[in-house]
Amino acid sequence: LFAVLVALYEEPEKPNSALDFLKHHLGASAPENPEIDALRLEVAEMKEKYEAVLEENKKLKTKVMVY
């Protein structure tokens with residue numbers, strides 16, 4: 001376990017999920033389900049849309065305060 005944690009620390013490009021990294025390096029990872037990948041992609045897209053809506057909201061609030 002210590003060696004895997006050191007490998008994670010020394011990884012130049014940090015993985016999105018440290019837990020998945022540990023599972024993979026300890027040999028406990030199961031093959032990825034395509035549905036999980038689709039859901040992860042959907043979550044990432046929703047986060048982008050959320051950030052865009054927050055930015056639009058901020059601009060509109062500023063516009064309303066001017067009037």
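Here are some questions and answers about this predicted model.

Me: Let's start simple: how many helices and strands does the chain have?
Reply: Going from the N terminus, the elements run α-α-α. There are zero strands, and the count of helices is three.

Me: What is the radius of gyration of the chain, and is the chain compact or spread out?
Reply: Along its principal axes the C-alpha trace spans about 60 × 30 × 15 Å. For 67 residues the globule rule gives 11 Å, and the chain's value is well over that, so the chain is more spread out than a compact globule. The radius of gyration is 20 Å.

Me: What share of the 67 residues is buried?
Reply: To count as buried, a residue needs under 20% relative accessible area. The accessible surface of the whole chain comes to about 6300 Å², and 62% of that belongs to carbon and sulfur atoms. The buried share of the 67 residues is 6%.

Me: How is the chain divided into domains, and what distance separates their centres?
Reply: Domain 1 takes in residues 1–30, and domain 2 takes in 31–66. Taken over C-alpha atoms, the distance between the two centres is 28 Å.

Me: What does UniProt say about residues 36–63, and how far apart are the end C-alpha atoms there?
Reply: An unreviewed UniProt entry annotates residues 36–63 as a "coiled-coil region". In the model, that segment is 100% helix and 0% strand. Its end C-alpha atoms are separated by 41 Å.

Me: Now some charges. Which residue forms a salt bridge with Arg40 at 3.4 Å?
Reply: Side chains of opposite charge can pair when their charged atoms come close. Here the closest N and O atoms of the pair are 3.4 Å apart. The pair links distant parts of the chain, with Arg40 in helix 3 and its partner in helix 2, 20 residues apart. That partner is Asp20.

Me: Which residue forms a salt bridge with Arg40 at 4.0 Å?
Reply: For this pair, the closest N and O atoms are 4.0 Å apart. The two residues are three residues apart in helix 3, so about one helical turn separates them. The partner is Asp37.

Me: Which residues end up in one salt-bridge network?
Reply: The count of salt bridges comes to two. Arg40 forms one with Asp20 and one with Asp37. Bridges that share partners join residues into one network, and its members are Asp20, Asp37 and Arg40.

Me: Are Arg40, Asp20 and Asp37 buried, partly exposed or exposed?
Reply: The partly exposed class lies between the 20% and 50% cut-offs. Arg40 has a relative accessible area of 43%, Asp20 has 29%, and Asp37 has 39%. That puts Arg40, Asp20 and Asp37 in the class called partly exposed.

Me: Over to nonpolar side chains: which residues form a nonpolar patch on the surface?
Reply: Together the patch residues have about 310 Å² of accessible area. One of them sits in helix 2, which covers residues 18–26, and that one is Leu26. The full patch is Leu1, Leu5 and Leu26.

Me: Where is Val64, and how far is its C-alpha atom from that of His24?
Reply: Val64 belongs to helix 3, residues 34–66. With a relative accessible area of 59%, Val64 is exposed. Along the chain, Val64 and His24 are 40 residues apart, and their C-alpha atoms are separated by 51 Å.

Me: Is Lys58 buried or exposed, and how far is it from Leu5?
Reply: Lys58 is part of helix 3. Its relative accessibility is 54%, and exposed starts over 50%, so Lys58 counts as exposed. Lys58 and Leu5 are 53 residues apart in sequence, and C-alpha to C-alpha the distance in space is 41 Å.

Me: What is the distance in space between Glu51 and Met65?
Reply: Glu51 is also found in helix 3, and it is partly exposed at 49% relative accessible area. Glu51 and Met65 are 14 residues apart in sequence. From C-alpha to C-alpha, the distance is 21 Å.

Me: Last one: where is Tyr67, and how far apart in space are Tyr67 and Glu13?
Reply: Tyr67 lies in the segment after helix 3. It is exposed, with a relative accessible area of 78%. Tyr67 and Glu13 are 54 residues apart in sequence, and in space their C-alpha atoms are separated by 47 Å.

Definitions and conventions: Residues numbered from 1 in each chain as written. Predicted model: local features only at pLDDT ≥ 70, side-chain atom pairs only at ≥ 80, totals over all residues. Heavy atoms only, no water. Patch = residues over 30% accessible without salt bridge, like charges linked within 9 Å, V, L, I, M, F, W, Y side chains within 5 Å. Areas by Shrake-Rupley, 256 points an atom, 1.4 Å probe, with all protein chains shown as cover. Helix = DSSP H or I, 4+ residues; strand = E, 2+ residues; numbered from the N terminus. Buried < 20%, exposed > 50% of the residue type's maximum accessible area, 1.4 Å probe, protein only. UniProt positions renumbered as here; feature names shortened; annotations may be inferred. Domains from an automatic or database assignment. Rg over C-alpha atoms; globule rule 2.2 N^0.38 Å.
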